[in-house]
Amino acid sequence: MKLFYSKVIIAQHERGLVLKDKQVVRLLEPGVHKWFSFGETVELINTRLARVTSFDVLTLVESKSDSNTKLKDKYFTVIDLSENEVALVFQRGALREVIKGGERAVFWKDADQLEIKRIDAGAELKVEKALTNLVARRTGVQGLNEVVSAAEVATKHIGLLFVDGVMVETLTAGLHAFWRVNRSIKVEHVDLRLRSLEVQGQEILTRDKVSLRINLSAGFQLTDAVHARLELNDYEAHLYRQLQFALREAVGTKTLDALLADKEALNSEVFRGVVKQMAELGIKLATVGIKDIILPGEMKEILNHVVATEKAAQANVIKRREETAATRSLLNTAKLMEANPTLLRLKEMETLEKVVEKVEKLNVYDGLEGLLKDTVRLS
């Protein structure tokens with residue numbers, strides 16, 4: 001039999017796995033080791049990697065022999081998880097790995113700052129607050145996404161938590177995390193702020209058979225989000241349809257002239273037709289307003305012609321009224337001049353002044369008397 005002298009140096013972060021005939025003989029701790037080997041080999045294992053992945057080491061752990069059991073108890077931590085358990089593996093204070101239910105994992109006992117936290121995820125739905133930020137933010141950790149479902153609810157929102165299809169809780173604004181081991185987790189986000197809904201391009205006939213295209217805008221807010229979500233598959237679509245029906249009913253009972261004369265009455269009628277029903281479903285209807293009433297092309301031309309004719313008639317009336325007033329004023333002036341010769345003479349002088357401004361040459365006979373008496377004569 002050949003004897004071989006063996007020497008191996010084991011660093012502080014290593015262990016030496018001595019193998020003979022592919023069987024584990026012993027483990028070597030840090031230090032210098034010398035011995036006469038009988039066909040033995042040494043495999044160096046880095047214990048900085050806390051979890052054991054070496055096939056030979058795992059074989060050693062699985063072995064039932066007394067000697068291997070002593071080695072296993074001395075050097076290794078074995079984690080056997082039930083179906084509803086998870087294990088969080090921390091090293092140097094940082095989350096390194098998550099082991100899901102039903103798995104087995106082996107770790108070096110003297111791995112640097114190793115901590116293993118076992119959690120019964122079947123009995124606990126929520127991740128405890130101390131771990132919530134950690135498991136929700138570290139999405140790159142191996143195995144984490146398989147066992148944790150995280151949701152961040154914004155300000156002025158709530159979250160509806162569904163477990164296996166059943167709504168179990170409402171979530172306030174903030175970060176939440178849940179164990180989803182052997183269960184389905186879903187969080188629906190609901191906006192509690194005042195929002196607007198546009199009902200566009202509604203083609204509707206008025207009572208006098210005029211086709212209109214109407215655009216409507218409404219403001220609404222959820223007052224009971226749970227009731228609205230459970231009663232309605234899509235509460236926005238339901239509100240849209242109810243506004244649409246109320247608008248059609250209101251427009252269909254009015255003539256075009258009535259609609260154009262008082263849009264506020266139409267707003268109020270649509271609002272009253274919807275507000276009570278929505279309140280019963282947990283939706284507060286805040287405002288309803290008609291944005292546009294769009295007429296067909298030929299109707300626009302007719303209305304424009306009507307408006308132009310009305311304005312022309314109004315202008316003609318005003319013109320006649322002014323002419324009448326001017327004639328009445330002239331008549332009054334004539335009566336005053338007839339009764340007062342001095343006033344008549346002043347008017348003649350005023351007229352003479354205007355005539356002189358426009359005449360280039362004026363021949364006067366009979367002197368000043370002829371100029372004053374014969375050039376302009378009003379009587």
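What share of the contacts in the protein chain with a separation of 6 or more is accounted for by residues 24 or more positions apart? In this predicted model, such residues account for 66% of those contacts. The secondary structure of the protein chain comprises 11 helices and 18 strands. Of its 379 residues, 35% count as buried. The accessible surface of the protein chain amounts to about 23,400 Å², and carbon and sulfur atoms contribute 52% of that surface.

One open sheet contains 3 strands in the order 3-2-5, and the pairing is antiparallel. Strand 3 (23–28) and strand 5 (41–46) are the edge strands, each pairing on one side only. On average, neighbouring strands of this sheet are turned by 30 degrees against each other, with direction ignored. Strand 2 (residues 14–20) is joined to strand 5 by 6 bridges, and the two run antiparallel. Within the sheet, Glu 14 stands opposite Asn 46 of strand 5. Helix 1 (residues 55–62) lies across strand 2, strand 3 and strand 5. The direction of helix 1 is at about 75 degrees to strand 2.

A further open sheet has 3 strands in the order 16-17-18, again with antiparallel pairing. Strand 16 and strand 18 (283–294) stand at the edges of this sheet. Each of these edge strands has a single partner strand, so one side of each is left without a neighbour in the sheet. The twist from one strand to the next averages 20 degrees.

Strand 17 has pairing partners in strand 16 and strand 18. Strand 16 (residues 195–205) pairs with strand 17 (residues 211–222) in the antiparallel sense over 9 bridges, and Glu 203 has Arg 213 of strand 17 as its bridge partner. Strand 17 is joined to strand 18 by 10 bridges, also in an antiparallel arrangement. Here Leu 216 stands opposite Ile 290 of strand 18.

Two helices are placed against this sheet. Helix 6 (residues 235–252) packs on the sheet and touches strand 16, strand 17 and strand 18. The direction of helix 6 makes about 40 degrees with that of strand 16. Helix 8 (residues 263–280) lies across strand 17 and strand 18, and runs at about 150 degrees to strand 18.

The hairpin of strand 16 and strand 17 has 5 residues between the strands. Lys 209 is located in this loop and has a positive phi near 65 degrees, although the residue is not glycine. Is Lys 209 buried or exposed? Its relative accessibility is 66%, so Lys 209 counts as exposed, the cut-off for that class being over 50%.

Another positive phi in a residue other than glycine occurs at Arg 92, where the value is near 55 degrees. Arg 92 is found in the loop between strand 7 and strand 8. With 41% relative accessibility, Arg 92 counts as partly exposed, because the value falls between the limits of 20% and 50%.

Arg 92 also belongs to the lining of the largest pocket. How much space lies in the largest pocket? The volume is about 250 Å³. The lining includes Arg 48, Leu 49, Ala 50, Arg 51 and Thr 53. Val 89, Gln 91, Arg 96, Glu 97, Phe 107 and Gln 142 also line the pocket. Strand 7 (85–91) and strand 8 (94–99) each supply at least two residues of this lining. The loop between these two strands is the one that holds Arg 92.

Ser 149 provides an example of a buried position. The residue lies in strand 11 (residues 148–153). Its relative accessibility is 15%, and Ser 149 therefore counts as buried, because the value is under 20%. Which residues are in contact with Ser 149, leaving aside its neighbours within four places in sequence? The contacts of Ser 149 are with His 176, Ala 177, Phe 178, Arg 180 and Ile 185.

Key
Residues numbered from 1 in each chain as written. Predicted model: local features only at pLDDT ≥ 70, side-chain atom pairs only at ≥ 80, totals over all residues. Heavy atoms only, no water. Pairing = 2+ DSSP bridges. Helix = DSSP H or I, 4+ residues; strand = E, 2+ residues; numbered from the N terminus. Axes fitted to C-alpha atoms, helices over the stretch in contact; angles between N-to-C directions. Contact = heavy atoms within 4.5 Å. Buried < 20%, exposed > 50% of the residue type's maximum accessible area, 1.4 Å probe, protein only. Areas by Shrake-Rupley, 256 points an atom, 1.4 Å probe, with all protein chains shown as cover. 1 Å grid on protein atoms, 1.4 Å probe; cavity = no way out; pocket = protein on both sides within 12 Å on 5 of 7 lines; lining within 4 Å. Points joined across faces, edges and corners; volume = space filled by probe spheres on them.
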